[in-house]
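The exercises below ask the reader to work out side-chain contacts from a model, each followed by a solution in steps. Please keep the sequence and the structure at hand while reading.

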Amino acid sequence: MWADTLLIVFISIFTALLGEGLTWVMVYRTEKYQKLKGEVEKQSKKLEKRKEILGESLDKNHKKKIERDEEKLKNNNRDLSLVKMKSMFAIGFAFTALLSMFNSIFDGRIVARLPFVPISWIQGLSHRNLPGEDYTECSFIFLYILCTMSIRQNIQKMLGFAPSRAASKQAGGLFGPTPGQFK
């Protein structure tokens, strides 16, 4: 079981490095991406400074300037996402093939033992294709997903491909600030 666990960690590291390498070839080294990334960084810092300086005392002119800057930043983030999207499809296709191959190799094998019983809606993934009712036994797919989620983020940070904190903060998203927050 330990050998399988370590093998899955190494597979996860390998696929994360492969994915970042492919993304670098297809996206990160392109001039269009570099230009858009620079624009997003510059606009994020500018917007953050403007919000810090003005604080809560915003009059209509300042609010409109901030809204215009937020709109520009939102458009550049959208363009940056579109540039990344073509490589994501290629990488997704390649990883789906790799995942199905590894899934068939580790099918029905217990690769780790969890120190807890997962919540019920995750048990189908953590105990996938394993015999028995011991839900602390872990399948390949669950361990691979956990390793990849943690390892890929760290590899992106080490290689400098992760978005800056300022850009991430201004980009919004599910838990981030909304575009009309300062109306």
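**Exercise 1.** Over the ring of which residue does the charged end of R29 sit?

*Solution.* The model is a predicted one, in which local features need pLDDT of at least 70 and side-chain atom pairs count only at pLDDT 80 or more, while totals for chains, interfaces and linings use all residues. Residues are numbered from 1 along each chain as its sequence is written, and side-chain values use heavy atoms, with hydrogens and water left out. A charge sits over a ring if NZ of Lys or CZ of Arg is within 6 Å of the ring centre and within 35 degrees of the ring normal. The ring in question belongs to W24, and the charged end of R29 lies 5.6 Å from its centre.

**Exercise 2.** Classify the ring pair of F106 and F140, and then follow the contacts of F140 further.

*Solution.* Rings of Phe, Tyr and Trp (its six-membered ring) pair if their centres lie within 6.5 Å, and planes under 30 degrees apart count as stacked, over 60 as edge-to-face and the rest as tilted; the count by this rule is five aromatic pairs. For F106 and F140 the centres are 5.0 Å apart and the planes stand at 5°, so this pair is stacked. The pair links distant parts of the chain, since F106 is in the loop between α3 (60-105) and β1 (112-113), whereas F140 is in helix α5 (residues 140-159), 34 residues apart. Here helices (H or I, at least four residues) and strands (E, at least two) are DSSP runs, numbered from the N terminus.

Next, the rings of F140 and Y144 have centres 5.5 Å apart and planes at 25°, so they too are stacked. Both F140 and Y144 are buried, buried meaning under 20% relative accessible area, exposed over 50% and partly exposed in between (1.4 Å probe, protein chains only). Finally, ring pairs join F102, F106, F140 and Y144 into a cluster.

**Exercise 3.** Describe the salt bridge of R50 with D69, and that of R113 with D134.

*Solution.* A salt bridge is a side-chain nitrogen of Lys or Arg within 4 Å of a carboxyl oxygen of Asp or Glu, and the structure holds seven of them. In the bridge between R50 and D69, the closest N and O atoms are 2.5 Å apart. This pair links distant parts of the chain, with R50 in helix α2 and D69 in helix α3, 19 residues apart. R50 is partly exposed at 23% relative accessible area, whereas D69 is buried at 9%.

The side chains of R113 and D134 meet at 2.9 Å, N to O. Salt bridges that share partners join R113, D134 and E137 into one network.
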